Amino acid sequence: MTPFRQNFIDGEWVGDAGSRNINPSDTGDVVGDYASAGAAQAGQAIAAAKAAFPAWSRSGPLARHAVLKKASDEILARKDEIGRNLAREEGKTLAEGIGETIRAAQIFDFFAGETLRLSGEVVPSVRPGVGVEITREAVGVVGIITPWNFPIAIPAWKIAPALAHGNTIVFKPAELVPESAWSIVDILHRAGLPKGVLNLVMGKGSVVGQAMLDSPDVNAITFTGSVGTGKRVAAASIEHMRKFQLEMGGKNPLVVLDDADLAVAVDCALNGAFFSTGQRCTASSRLIVTDGIHDRFVDALKDRMSKLVVGDALDAQTQIGPVVDATQLKQDEDYIAIGRAEGAELAFGGERLDRKTPGFYLQPALLTQATNTMRSSREEIFGPVASVIRVKDYDEALTVANDTPFGLTSGICTSSLKHATHFKRNSEAGMVMVNLPTAGVDFHVPFGGRKGSSYGPREQGRYAAEFYTTVKTAYTFAG
């Protein structure tokens, strides 16, 4: 029986069916039917969050800890079930879906602990007899807008710190992946959140998202998605003088130097460029390779790509699942065609694949003889497509790596401590990897980039407090 999931507003499940969630591995498999909110319901959710804020923001740390810890425990206990549904709706492999679900549980567990570590400062004033206290307080109503590529991890790393620091929430997930969002809200509701503290409004971004942007009662918005939409979030937020945090695109370089361990470099490229079907903002879409290792690297990478198993996300043998939907599949194919038209060679893959069930299957594609000026090397594709750019030496590799409007993550494969150290210092990215894939980060440390990739305070770990709190300085004269 196909489940029907409603929106969650002011402690109540409400709404009529508006959209159908389809499995990209098998378009005949319906994950569920989901309510679609309009502007009026979005307004009700904002009002509920505003009304709930005074009490929740002043709740004790044990109350917040209990909710977040219960949520963490249930997510972990149900990792196989939730991970399977995640794989069904997004298309990443079952192992990746379960792994992402575990990560969400870890995030909630971390921020449960943070509720007991909230602190401030007491400092002496320059004036005799005056004391100074510096504390952090909740921002208010936080609008959370999340993408489809990490359906439970990204909502977790936004919702958990928002709640831990005493904010209330209006949450709009991507339309393509509502099941994971619904599950996390249902779990938090049953974990004991007071009504109005967390509100789920599934629906179109042009309707629900716009209502959030237009409301003066939304005090902060955290957004992960496209650069174009991020700019609209910024413009609307400036109008209301609200805080905003943006995580947007990436065109991440992986530099491979002549002295790299070839096996390590190929592993880094294969994982970073193609796993999760390349649908990661941290994916290695530009492989910048020096002359001395270029041909061996390309041959070895093609050999490894030829052995990748592309198929149904729920099949235990599958290594690369389908593209998320028909629109994204066409975008991937269009960029492969653009790259070839610009002079790149399609050295491997790039074809649609037929499998037992109808789905959006694409053979991972490798473009060689690419230059850094090609559109396929400068614009985010967001699929299993990587371009190899040949360079002379380390200095040219660093220049090419930094020649991008983005700056999320970067990587280098080398056995040289000198080059690794120099690259970490001089790479214009928010996160740098040495002999590791550009994709793959820890949940307890800052996540974010530079230039066109990110704006505002970092996400995750203790740095999340910079966005989800505001600083208050209080003076007391003892007399």
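**Note on a predicted structure: aromatic pairs, sheets and an annotated site**

1. Phenylalanine 111 has a relative accessible area of 1% and is therefore buried, since the term applies under 20%. This value, like the others in this note, is computed from a predicted model. The preceding residue, phenylalanine 110, is buried as well, with a relative accessible area of 14%.

2. Aromatic pairs come next. The whole structure contains eight of them. In one of these, the rings of phenylalanine 110 and phenylalanine 111 have centres 5.0 Å apart and planes at 85°; the pair is therefore edge-to-face, because planes over 60 degrees apart fall in that class.

3. Phenylalanine 110 also pairs edge-to-face with phenylalanine 443, at 6.4 Å centre to centre and with 75° between the planes. The student should note where the two partners lie: phenylalanine 110 belongs to helix 4 (residues 94-114), whereas phenylalanine 443 is in the loop between strand 20 (431-434) and strand 21 (450-451). The pair thus links distant parts of the chain, 333 residues apart. Phenylalanine 443 has 21% relative accessibility and so counts as partly exposed; buried would require a value under 20%.

4. Two charged residues sit over aromatic rings. The charged end of arginine 117 is placed over the ring of phenylalanine 110, 5.7 Å from its centre. Lysine 92 lies over the face of phenylalanine 150, 3.7 Å from the ring centre. Elsewhere, Phe8, Trp13 and Trp182 are linked by ring pairs into a cluster.

5. Two sheets deserve description. As general background, the strands of a sheet pair through backbone hydrogen bonds, in either a parallel or an antiparallel manner. One open sheet here has three strands in the order 1-5-4, and its pairing is mixed. Its edge strands, strand 1 (4-5) and strand 4 (17-23), each pair on one side only. Strand 4 and strand 5 (residues 26-35) run antiparallel and are joined by six bridges; within this pairing, asparagine 21 has glycine 32 in strand 5 as its bridge partner. Helix 6 (residues 178-190) lies across strand 1, strand 4 and strand 5, and it runs at about 40° to strand 5.

6. A further open sheet consists of three strands in the order 6-7-23, with antiparallel pairing. Strand 6 and strand 23 (469-477) are its edge strands, each pairing on one side only. On average, neighbouring strands of this sheet are turned by 25° against each other, direction ignored.

7. Within that sheet, strand 6 (residues 121-124) and strand 7 (residues 130-138) pair in the antiparallel sense over four bridges. Glutamate 121 has isoleucine 134 in strand 7 as its bridge partner, and valine 122 has glutamate 133. The two strands form a hairpin with five residues between them. Glycine 129, in the turn, has a positive phi of about 80°.

8. The last point concerns an annotation. An unreviewed UniProt entry places the feature "active site" at Glu247; such annotations may be inferred rather than shown by experiment. In the model, glutamate 247 lies in strand 12 (residues 243-247). Is this residue buried or exposed? Its relative accessibility is 4%, so glutamate 247 counts as buried. Apart from neighbours within four places in sequence, glutamate 247 is in contact with residues including Phe223, Thr224, Gly225, Leu408, Phe447 and Glu459.

Notes: Residues numbered from 1 in each chain as written. Predicted model: local features only at pLDDT ≥ 70, side-chain atom pairs only at ≥ 80, totals over all residues. Heavy atoms only, no water. Pairing = 2+ DSSP bridges. Buried < 20%, exposed > 50% of the residue type's maximum accessible area, 1.4 Å probe, protein only. Contact = heavy atoms within 4.5 Å. Phe/Tyr/Trp six-rings, centres within 6.5 Å; stacked < 30°, edge-to-face > 60°. Lys NZ or Arg CZ within 6 Å of the ring centre and 35° of its normal. Axes fitted to C-alpha atoms, helices over the stretch in contact; angles between N-to-C directions.
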